[in-house]
Amino acid sequence: MGELLDFYKGMDLSFLQQCQEEGMVLRDFDGAPRDPLQLAKECGVNAVRLRLWNSPEHVPESGGYCSLPRTLEMGRKIKEAGLDFLLDFHYSDYWADPAQQRKPKDWEGLSQEELEQAVFRFTRDSLLTLKEGGAMPDMVQIGNEIRSGMLFPNGEAPDFRGLARLVNAGIRGARAAGGPGLQVMIHLDQGGRYFYLEEWFDRAMENGLEDFDVIGLSYYPFWHGTFADLKESMEKLAARYRKPIILAETAYAWRITPQGFIDRAQERIAGFPASPEGQRRVLELVMNISASLPGRMGRGIFYWEPFCVPQSGVGGWAENMGLLREDGSLMEGMRAFSFTRGQYRGGRTAKVYQPEEQMAPVGGEISLPAQVRVLHFDGTLHSLPVAWENGGETACARPGRRLFQGRAEGLEEPVRLWVTVQERAPQAENLLQDPNWDEGFVRWDMEKSGGDVTAELRPEFVDPFPAPPRNTLRVESRRNFRFSLSQSVPVQPGRYRLEAEYQGADTTNVDVKLFLEGCGSQAEAVVHPTEHEWQRIAVELEAEAPGVLRAGLRISSPPVYGCVRRFALRRAEEKEE
């Protein structure tokens, strides 16, 4: 216990006990059975994170894991292996994350003052038990991903006064057990969105948040912004608050399967292939971004639950997010943990963002991009001029798929742009009334979970001016929320297609769905938001008899924003442009 490591190459292994007791055998690259902690250490891992639940026996789904006795057992093994130990206090009997911060059953009904005392005593006494058992952590988290608060409703943001008092109680409990040498982390999600993080820390500090040592962030590239966003966010946080930063949670997929944790849309948002090599490359990239911060303020990463084996029919995280094959042997991503600051790659190219495929009508012209974006391993984005090899021919003379190629100085791989040329087709009638909200929401049904939810129209003026604006609906809340917007439309039998464009932030337990329901049926499409581009989402439904279709969008989410525009409900049999 004491100083921070120069660079953390950590793992959250909170599921390890359960996996081993269920029969998992971890194997090295050659398939030989090994002790997980010793093998991890040999691969470069130098720290382990564990979560602690208050009384998981109150929640049957927990299996009793992550209790204090089990944490003591596992913590002792971590210390005996010579690894640093990060303890994550959830202050809940089960999962705590941006969407759920449930009080432990034993703390229900406590007043604010009583709850603060409970937090203090639980933190102090848990650490003293671990200390006496030879498993004292080197660092503790006061709460898990607490951007939306903790111990709802007492510590639910935007009540930062109540939240700060609870966090302070945890900090005092940690200091009482571990003294000033115990490192204290504040852990938030949204690692790539500085505007959320700055607001949280400023508000918490204004309301008396006591001194802490480390900023912990969750960063998953399919949820929390681009790698360049992460770089910017970490640099600004370090400059503003003068605290070292650790990515307390990160991970990436090694394959896409029907039952896996992320899908093709999220793979596209992340920008790297879901493959063993792609997984390793993402890990190396986030390590390099962390190492790039001035003054060694970036202190490394923890991979969330890498030691899990895919099991037939189970799906979920273990299906495609761990670092183990079906036989329990290590995959390529594990080699990323050999990283040291001396291996920092800085200005080397990590990825070339090839131009998005274009659609064009016959007789139209292709607009070839003048530049291509390149991501370096330090997280910076650069634009390089492209010399196209088509000889200036950009006319779309006939239908088909066409490839344009070019070269950018310093890049080995060519720049490629695919274009699909198609005949113009008449656009089917949009059955929704006032889809641009020119009359406000009078023709729409809107439901909000509370007064904190804002639904604001934002006009965008497009040429030819002064044409009517194209409206975007922005939905946001300062606390966890639900929102729906829908319209009921009379229809005849047939197949119908609802489309909309969506853009916004994402994180754990964001649930956005486009839906159609009525005429004896219902259908929905899951939306995976990204704030860097508009996504066209569609869902179809077969109306077997005349009736009324309800078409719209539902959001259930922690405090993030979302934008939607261009709703259209049409007969699916009719072709669109």
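Helices are taken here as DSSP runs of at least four residues, numbered from the N terminus, and in this predicted model one of them, α3 (68–80), gives the most to the lining of the largest cavity, with three residues. That cavity has a volume of about 60 Å³ and is one of two cavities of 30 Å³ or more that the structure holds. Its lining is made up of Leu 13, Ser 14, Gln 17, Leu 50, Arg 51, Cys 66, Arg 70, Thr 71 and Met 74, and β2 supplies at least two of the lining residues, as does α3. By class, the lining of the largest cavity comprises four nonpolar, three polar and two charged residues.

The second largest cavity encloses about 40 Å³ of space. Among the residues that line this second cavity are Val 475, Phe 481, Tyr 502, Val 512, Pro 529, Tyr 561 and Gly 562, with β25 (547–557) and β26 being the elements that give two or more residues to the lining. The lining of the second largest cavity has 10 nonpolar and two polar residues, and no charged ones.

Strand β26 (residues 561–571) has nine of its 11 residues buried and is therefore largely enclosed by the rest of the structure. It pairs in the antiparallel sense with β19 (residues 470–476) over four bridges, Glu 476 standing opposite Tyr 561 of β26. A further antiparallel pairing, over eight bridges, joins β26 to β21 (residues 494–504), and here Gln 503 stands opposite Cys 563 in β26.

Elsewhere in the model, eight strands form a closed barrel with parallel pairing, in the order β1-β2-β3-β4-β7-β8-β9-β10. The twist from one strand to the next averages 25°. Within the barrel, β4 (residues 139–142) and β7 (residues 183–188) run parallel and are joined by three bridges, with Gln 141 opposite Met 185 in β7. Helix α4 packs on the sheet, where it touches β2, β3 and β4, and its direction makes about 150° with that of β3. Helix α6 (residues 194–206) lies across β7 and β8 (214–218) and runs at about 130° to β7. The loop between β3 (84–89) and α4 (112–132) contains Ser 111, which is partly exposed because its relative accessible area is 29%, a value between the limits of 20% and 50%. Ser 111 is separated from Thr 420 by 309 residues in sequence and by 63 Å in space, C-alpha to C-alpha.

Open pockets were also identified. The largest pocket has a volume of about 1,100 Å³ and is lined by 43 residues, of which Phe 15, Phe 261, Trp 304, Gly 316 and Trp 317 lie nearest its centre. At least two lining residues each are supplied by α1 (16–21), β2 (47–52), α10 (317–320), β22 (511–518) and β23 (521–527). The lining of the largest pocket divides into 18 nonpolar, 13 polar and 12 charged residues.

The second largest pocket has a volume of about 810 Å³; 36 residues line it, and Arg 268, Gly 271, Tyr 353, Glu 356 and Arg 373 are the closest to its centre. Helices α7 (227–241) and α8 (264–270) and strands β11 (349–353) and β13 (371–376) each supply at least two residues of this lining, the largest share, five residues, coming from α8. By class, the lining of the second largest pocket has 18 nonpolar, eight polar and 10 charged residues.

Technical notes. Residues are numbered from 1 along each chain as its sequence is written. This is a predicted model: local features need pLDDT of at least 70, side-chain atom pairs count only at pLDDT 80 or more; totals for chains, interfaces and linings use all residues. Side-chain values use heavy atoms; hydrogens and water are left out. On a 1 Å grid over the protein atoms alone, a cavity is a set of points where a 1.4 Å probe fits but cannot get out, and a pocket is an open set with protein on both sides within 12 Å along at least five of seven lines; lining residues have an atom within 4 Å of a point. Grid points are joined across faces, edges and corners, and a volume is the space filled by probe spheres set on the points. Ala, Val, Leu, Ile, Met, Phe, Trp, Tyr, Cys and Pro count as nonpolar, Asp, Glu, Lys and Arg as charged, and the others, Gly among them, as polar. Buried means under 20% relative accessible area, exposed over 50%, partly exposed in between (1.4 Å probe, protein chains only). Two strands pair if DSSP finds at least two bridges between them. Axes are lines fitted to C-alpha atoms, for helices over the stretch in contact, and angles run from 0 to 180 degrees between N-to-C directions. Contact means heavy atoms within 4.5 Å.
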